[in-house]
Amino acid sequence: MEQREWTALVPHVARAPAAKRIWLDCSRRLAAGAGSGAADQRLRSELLTLARGAPQDVAADLALAVCVLHDLVAQGWLLRVVRARVEIASPQIAEASANAQKAIIRSAHLVERDAQLCQPPTRRFIQDMERRRQHKGEWRSIFSLLRDGRELEERLRTAGQLLAASERAAALRNCIDPYLQPVRSGARCAFTGLRLSDIWRYFRHTWNTVYQSTPGRNIWFLVRDRAAANHPVIGIGSFGSAIVQLAPRDEWIGWAPDTFIERLQEAPTLAHAKWVHQSLRDLIRAVYVADFRKSRLLRHDAISSPSERTIASLRQFAKRQRKAHRLYPDRQAHKSTAAAAKWRTEARTPLFRAKRAEHLADLLEARLALKQAGFARPTEQGLRGALDAGVGRKAIRRVLRYVKASRVGVNMMDITVCGAIAPYNHILGGKLVGLLLASPGAATAYVKRYRQAESVIASSIAGRPIRRRPSLVLLGTTSLYGVASSQYNRLQIPADALGGAPGAVFGYMPLGRTVGYGSFHFSQDTMALIEIVLARRRGGRAVNSIFGEGVNPKLRKLRAALDTLGLESDLLLQHKNPRLIYGVPLATNFREVLLGLTSRARPVVPSAANAAALIAEYWRTRWLSRRIQNEDVLTAVRSHTLAYPIRHGGRVPLPAIPEPAGAVEPETGPNSPPAHSNGNGAPSVDKGDAADAGVTPTASQFGHLAPLLASFASAENGVG
C-alpha cells in the first residue's frame, strides 16, 4: 500500500495570532467529522461565522481558506491537527476496488449536486416541472415524459420469449423506437407543451454532477421513444466546445508538437511546405492592425519584413494593454453582437488589443525565424532547411498551435453530457444515446445551428465578422470514472453495417487517461468567496470571466486565489480522479481536416436519412436482446413506476431541507424517488475542469450563506 503523505496547510493569514486561533478551531471542528447534506452546509456556515470574527483585513482571506478546507474534507481528503499544525492528505482512490472507486467519486460529486438542489430557484424550477398543467385538453407534466417501467418490462419480457430472430427483432422494434431531437431555442414538446430546454435541464438534474452552463458553442439533444405514448425521453446528450489541451488526445490526432515535427522530418513534402506557408499567411491576415499602423506601432513593411524591434514593441504594448484590462475589465463592453462595427470596437478594447499584439508578435516571430532558416518560399527544400534549424522547428510548432486553436472548437466538439434516463438506463440505453450522438443527424444539427455563427474571439481579433465552416469531423469525451466505463466500453459498430466503407469502424476509441487535475472538487460557495478575495488584489484581476481572456477561467481563478492565500495550488487542484479519454472519428480523414491540410471531410457513416434507424437496429440486436435475458435487469426496469406514489429514477431526487413555516414541501420520505444516479448515464465531461459559465457568482446565488457572503463583500467595500 502506498504510504500516505501529509502536507502542512498554513495560509498566510493564519500566521497572525488572532487569525491562527480561529484557523485551528475551524480545523479541529472539521477534523472531528463533517456531516453531509443540510448538516454539512450548517457546519460550513458555522465555520464561516467564526472566520468573520477575525480582524477585518484578513477575515475574507481566512474565510476562503476555511471554505477550501471544508471542500477538501467533503471530497474525502483526510485532515488532522497535530501540535497546532494543520495537515491534509489527498484521498487514495486508486487503491480501492473499481466499484469502491465509483462510489467514492459519486459521493464526492453529490456534495455539490445536492447543494445546488437545495437552492430555492432550483427547487422551484423542479417543482414547477412536476406540477400538472393542461395541454390540448390533457393534464401533463414532466412525468408524462417518463416511461413506466412496468409497461416496458412486460413488453420486453414478451419480446425476449420469441424464438425466431426476425420475430424478436420486430417485437423489440415495437418496444423501443428511438430518435434524436435537437433542443432548439424556444421549441416546445408537442405532447406536453413544455420547453425542450426545460425538459433537458430537468433530467440533467438527475445526474450525479452539478448542472452548470458553459461558454462557447453548445447544443443539447433529447433521445426520445416513438414506440410509447408521449414519446418518453430515453436519454439526454450535449456537445460543447472541446477541451483545448488534452495530451493523449492531441498525440493521437497528431497535434502534439514533437510528434508533428518528427513526422515532417521523416517525409517533408511540397504539400506540407505549402501548408506552413499558407497557414502562417492566413493567420497573420486574420489580425486587425489598422490601429497599430495608425499609432505607428507597425511600420508599413513590418508584417512582410518583421524585425526583432517590432516584435519586442508588440510584446511591450501587449503587457501594457493587459494591465489596463485587469484594472478596468468592463464586462459590459464585451457583450457580443453580430454587427461588423461591434467587432471593430471589440478589437480596440484593452483585452483584444493585448491579444492581437501577442498573436501578431508570435506570428511575426515565426515568419522571421522561418526566413532566417531559409524558408522564404513554400518549397520542399526550404521546409527541410527549416526543420534542420532549431528556430525553424520552433516556428512550425507555433504555426501548429494557432492552427489547432482555430479548429478545436469548430471541427471538433466534446460530448459533455451523455446518458440514459430510467428505466432505459438498466437496458444499456446509455450506449444507444452515445451512438446516436455520433450519428450524422447530430452532426447535421450542429452544422445547422452554427453555419452562420460568427466566432467571438476570431472576429474580435480580426475586427470583422469571421464565420468558420462548422464541419464536424471528431468528437471527444471523458468518462466520469477512471476505471472501465460500461457506457463507452467496446461501443463500436462496423461502419459497413451503417452504409459506411468496409473495414472502417464507427464508435468510441479509448485514447488514455487524464491526469486527475482540475476544479470540480471546489464548491460554488468557495468560488463566491474567491471573487471577493481576488477583487482586493492590487493591479486588478487577471481573470474576470470575460470570454476571450483565456481557457478555463474557473481553474485560473482557483489557482490565483490559492496562491494568494499561500496554499499549494498544484497539490490542492489534484482531485485524484483520472478519467478515461475517448475519441469518436466522424470522418476517415479527420486528422487532415483538423491539421488544415484539407477542408473536405470523408464521413465514416454517410449522411443517410436511415442512419439513426440502422444504429438503433444494431443496438437492439447487439445489446438489448442480450440484456433482457437477465431477470435482475427486468426486475430493475419494473421498479420504476408512475403509479402514485411515484417511485421513478427519472425523477429529480430533491434532498430534504428544513422549510420555513407554511411552505409547501415536495414529496419526501417514503414516497420520494430513489436517490441514485442514472446508472450508466453519467455525464461525460466535468466542464468545471474545462471552463466555467463566464458569470461571476454573487452572494445572492447561495441562499444558505448569502448573509455571510454579503457581509464579507460589504466589509471589502468599507460598509461592514
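These legends go with close-up views of a predicted model. Local features need pLDDT of at least 70 and side-chain atom pairs count only at pLDDT 80 or more, while totals for chains, interfaces and linings use all residues. Residues are numbered from 1 along each chain as its sequence is written, and side-chain values use heavy atoms, with hydrogens and water left out.

**View 1. Helix α11 and its buried side.** Helices (H or I, at least four residues) and strands (E, at least two) are DSSP runs, numbered from the N terminus. Helix α11 takes in residues 270–285, and its end C-alpha atoms sit 22 Å apart, which agrees with the 22 Å expected for 16 residues at 1.5 Å a residue (1.5 Å times one less than the number of residues). Its buried residues include His 272, Trp 275 and Leu 283 (buried: under 20% relative accessible area; exposed: over 50%; partly exposed in between; 1.4 Å probe, protein chains only). Ala 271 and Arg 285, on the other side of α11, are exposed. Among the elements covering the buried residues are α10 (257–266) and α15 (350–372).

**View 2. Thr 122 in helix α5.** Thr 122 belongs to helix α5 (residues 120–130) and is buried, at 6% relative accessible area. Neighbours within four places in sequence aside, Thr 122 is in contact (heavy atoms within 4.5 Å) with Gln 116, Leu 117, Arg 201 and His 205.

**View 3. Strand β9 and its partners.** Nine of the nine residues of β9 (residues 412–420) are buried, so this strand is largely enclosed by the rest of the structure. Strand β8 (residues 233–241) pairs with β9 in the antiparallel sense over seven bridges (pairing takes at least two DSSP bridges), and Ser 238 has Val 417 of β9 as its bridge partner. Strand β10 (residues 474–478) runs parallel to β9, joined by three bridges; here Asp 414 has Gly 476 of β10 as its bridge partner.
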